[in-house]
Amino acid sequence: MIFSILEHILTHISFSTVSVVITLHLITLLVNEIVGLYNSFEKGMIVTFSCITGLLVTRWIYWKHLPLSNLYESLIFLSWSFYIIHMILYLKKKKQNLSAITAPSAIFTQGFVTSGLLTEMHQSAILVPALQSQWLMMHVSMMVLGYAALLCGSLLSVALLIITFQKGIIKIFDKSKQLLTESFFFGEIQYINEKRNILQSASPLYVRNYYRSQLIEQLDHWSYRVISLGFLFLTIGILSGAVWANEAWGSYWNWDPKETWAFITWTVFAIYLHIRTNNNLQGANSAIVAFIGFLIIWICYFGVNLLGIGLHSYGSFT
């Protein structure tokens, strides 16, 4: 009874804090000058992270197993993993640009979990015989941590694509202006170019382009590092799951829908890492592959659960 009440309190506190944090996050996106408001936003993230940690520990103590037996618990753990990645990026030299991308993942996942839409799945139950194994902690935790890291890294790649696309539009606009100036006489063009070079040397547009290129490099660097970490977690999760499957069902691989999509996810991000070895294909090219992987992860995580079939049906919505 005490654990149930504590879980109920932590759930409501985390949802209330997330509601405030979402508001602060939207305000900080619109008004960048308010430093104190951004600090309040980060404090709210820490409070929410503490509540989620307490919620996971409470369910772990009460049910005597790691809370990863259904979709509701795995979503809580996914949100907790998002917060971990967000904190690492924020504390790593105060990278606010990167944490501004990862924060919404943690906020909205936790908001969805604690909103009451999954009320029927809040109550945990006795594990089915197949899940009553020490491999539960190893396999499922590695898979969810892998999903979280791959999703965050893919989001950084998506941000890189958006910024690169905007930069491409600006370049096209500049080229169109150059074509228009070709209709003038050569002397007029030379005079205008000299005058424009003097003005552009002190123009804030060049400063903005410099910071944009720096941000693109930062996004590319950190998306690669986070995706590499997620790929490692995913590999460990798949291998441990294969060993567990052999113990539980007598076969290492059964081409279950979840297993198949996990293998597809692994293949896509293996292609991403392979592309990264070629310097000419880094940046936007590898980011496109990461974006495809982002979509496939959600199919693997949510789409298969919507079907409710296969050996992993205990993680479905029903």
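1. Helices here are DSSP runs of H or I with at least four residues, numbered from the N terminus. By that rule Ile9 lies in helix H1. The model is predicted, and the points below should be read on that basis.

2. A nonpolar patch on the surface is formed by Ile5, Ile9, Ile13 and Val47, with about 300 Å² of accessible area together. Helix H1, residues 2-30, gives the most to this patch, contributing three residues. Is Ile9 buried, exposed or partly exposed? Ile9 is partly exposed, because its relative accessible area is 42% and that class covers values between 20% and 50%.

3. How many disulfides does the structure hold? The count is zero. A disulfide would be a covalent bond between the sulfur atoms of two cysteines. On the cysteines themselves, Cys51 counts as buried at 8% relative accessibility. Cys152 is also buried, with a relative accessible area of 0%.

4. The count of aromatic pairs comes to 12. In one of them, the ring centres of Phe77 and Trp80 are 5.4 Å apart and the planes are at 35°, so the pair is tilted; the tilted class takes what is neither under 30 degrees nor over 60. Both residues lie in helix H3, residues 71-91, where they are three residues apart, about one turn of the helix. Phe77 is buried, with a relative accessible area of 8%, whereas Trp80 counts as partly exposed at 22% relative accessibility.

5. Another pair joins Trp298 and Tyr301: their ring centres are 6.3 Å apart and their planes are at 75°, so this pair is edge-to-face. Trp298 and Tyr301 are separated by about one helical turn because they are three residues apart in helix H9, residues 284-307. Trp298 counts as partly exposed, at 27% relative accessibility. Tyr301 is buried, with a relative accessible area of 5%.

6. Which residues do ring pairs link into a cluster with Trp298 and Tyr301? The other members are Tyr147, Phe294 and Phe302.

7. A charged group also sits at an aromatic ring: Arg225 lies over the face of Trp222, at 4.7 Å from the ring centre. The cut-off for such a contact is 6 Å from the ring centre, taken to CZ of Arg.

Note on methods: Residues are numbered from 1 along each chain as its sequence is written. This is a predicted model: local features need pLDDT of at least 70, side-chain atom pairs count only at pLDDT 80 or more; totals for chains, interfaces and linings use all residues. Side-chain values use heavy atoms; hydrogens and water are left out. Patches are made of residues with over 30% relative accessible area and no salt bridge: like charges are joined within 9 Å, nonpolar side chains (Val, Leu, Ile, Met, Phe, Trp, Tyr) within 5 Å. Accessible areas come from the Shrake-Rupley method with a 1.4 Å probe; for residues, only the protein chains shown count as cover. A salt bridge is a side-chain nitrogen of Lys or Arg within 4 Å of a carboxyl oxygen of Asp or Glu. Helices (H or I, at least four residues) and strands (E, at least two) are DSSP runs, numbered from the N terminus. Buried means under 20% relative accessible area, exposed over 50%, partly exposed in between (1.4 Å probe, protein chains only). A disulfide is a pair of cysteine sulfur atoms within 2.5 Å. Rings of Phe, Tyr and Trp (its six-membered ring) pair if their centres lie within 6.5 Å; planes under 30 degrees apart count as stacked, over 60 as edge-to-face and the rest as tilted. A charge sits over a ring if NZ of Lys or CZ of Arg is within 6 Å of the ring centre and within 35 degrees of the ring normal.
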